[in-house]
Amino acid sequence: MTDETAAPTAAHEPTPPAKPKSVIVLYNQVGEDWYEKLQQVDPSTLPFEPEYPVHVPTVREEYGEVARALRRSGYRARAVNLENDLRRLERVLKRNRPDVIFNLVEFFHDDAGLEAAIAGMYDVYRIAYTGAAPFALSLCQDKGLTKRVLQDHRVPTPRFKVFYEPKLPKRLGLRYPIIVKPVWEDASAGVSRDSVFYEPERLEERVGHVYREYGAIIIEEFIEGRELHVSVWGNDPPEVLPPVEFDFSELPPEYPPIITYSAKWNPLSEVYHKVHTICPAPLPERLLRRVEDVAIRAYRATECRDYARLDIRLKGDKPYVLEVNPNPDLTEGVSFMDSAEQAGYSFDAALAQIVELAGERRPALVPPAEVPGERRPGEDLGLFPKIETPPADPEPGPPPATEK
Ligand SMILES: Nc1ncnc2c1ncn2[C@@H]1O[C@H](COP(=O)(O)OP(=O)(O)O)[C@@H](O)[C@H]1O
Ligand SMILES: [Mg+2]
């Protein structure tokens, strides 16, 4: 008698994903690292009292630290700098294939638009990698397009206009105050104390300046409320981590309460030391639920994956999404890591969790049938047709008979 309730044989079951063991932390950093210069600065010579360390790690040190953290969690992990060299990429993709690439590449040849192309290469070579797929990486680089997608999914975002030339119409059709930003930059590039306008005076001038520096412009209604960084991770289903709130109360009055480039990245500027973070953001339960709902919907609408950060402002108790950041900064002490820590994940544990999320995509990426046994993995995956030498031009024959 056969047992009808018996579990299906192993042959019919999908192969469970093998746990990733090896990880390459891939990044692309060339030339001088500005943060190296900071090592020479004596903090006591600054014209203000620094609140945070001025000697922050260099990019290479930070990525090396990610690899070290993964080794502490038991992975074979090392950091590799692409240095704008495709042969280095090829070595990772073909010869030294890791189980998972920890994708921290944001530029190639100084072009942020190629971030998606590099992720596309991992897809072509069927290696699992952390974070978003090329589509989300490209979409979220365009703030205007991202906001249209959010609107389509009924995710609240400030009203806005995009301009592809530095000429503004007589009537802007937006309510002041407004903020002027580049459409394609991120990390607060092009956002300074001169970005917020309470009236049209000198607006054209600013628009001209940002246009010359960065190209297309987005002008948004300025939300005067609290600012939150809301980190989300996971895929099935995604989970919202405790939000970080920004405290602008110590900023000198001539600075608008926003996260400018200097406030975010420049330890030599006073504003860097005057903007503080609070985690978890003190939010009443109902408001927190609303923020979480908006964050999840924005994450899904823009097809984020594994981890992302939503920049959100509150107008009263209504959350507005300013921006979606797939693959946000993951170094120690940034918003994402503060939030993960509040949720009970150390720096090491949070990074390991992201590797495991990416690792779940492995079996689909490397179907065994496509890696014949006699070949070493990655040597020749047969993904590309062989390029045959094109046949030589045919010998010239007799001239065509002229038509009568
Ligand atoms: N519509 C807005 N209302 C209020 N503040 C804004 C608005 N847009 C941007 N900001 C401020 O500017 C900062 C940077 O803008 P954001 O859209 O996050 O771009 P990015 O971080 O890519 O430069 C935000 O963190 C916020 O402080
Ligand atoms: Mg932002």
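**Close-up views of a predicted model**

**Overview of the chain.** The secondary structure of the chain comes to 13 helices and 14 strands, and everything shown here belongs to a predicted model. Of the 404 residues of the chain, 33% count as buried. If you look at contacts between residues at least 6 apart in sequence, 69% of them join residues at least 24 apart.

**Close-up of helix 10, residues 285-301.** Let's start with the helix itself: its 17 residues reach 24 Å from the first C-alpha to the last, close to the 24 Å expected at 1.5 Å a residue. Just after helix 10 comes E303, which takes a positive phi of about 60°.

**The two faces of helix 10.** V291, V294, A295, A298 and Y299 are the buried residues of this helix. They lie on the same side of helix 10 because they cover an arc of only 135° around the axis. Turn to the face directed away from that buried side and you meet the exposed residues E285, R286 and R289.

**Packing partners of helix 10.** The buried residues of helix 10 pack against helix 6 (143-152). They also pack against strands, namely strand 9 (227-233), strand 10 (239-240), strand 13 (307-315) and strand 14 (318-326).

**An open sheet of four strands.** Here the strands follow the order 2-1-3-4, with parallel pairing. Strand 2 (76-81) and strand 4 (128-129) are the edge strands, since each pairs on one side only.

**Strands 1 and 3 side by side.** Four bridges link strand 1 (residues 22-27) to strand 3 (residues 100-103) in the parallel sense. For a handy landmark, find L26, which stands opposite N103 in strand 3.

Conventions
Residues are numbered from 1 along each chain as its sequence is written. Chains are lettered from A and ligands numbered from 1 in the order in which they are written. This is a predicted model: local features need pLDDT of at least 70, side-chain atom pairs count only at pLDDT 80 or more; totals for chains, interfaces and linings use all residues. Helices (H or I, at least four residues) and strands (E, at least two) are DSSP runs, numbered from the N terminus. The expected span of a helix is 1.5 Å times one less than its number of residues. A residue is buried if 20 or more other C-beta atoms lie within 10 Å of its own, exposed if 12 or fewer, and partly exposed in between; C-beta atoms are placed from the backbone. The arc is that of the directions from the helix axis to the C-beta atoms. Two residues are in contact if their C-beta atoms, placed from the backbone, lie within 7 Å. Two strands pair if DSSP finds at least two bridges between them.
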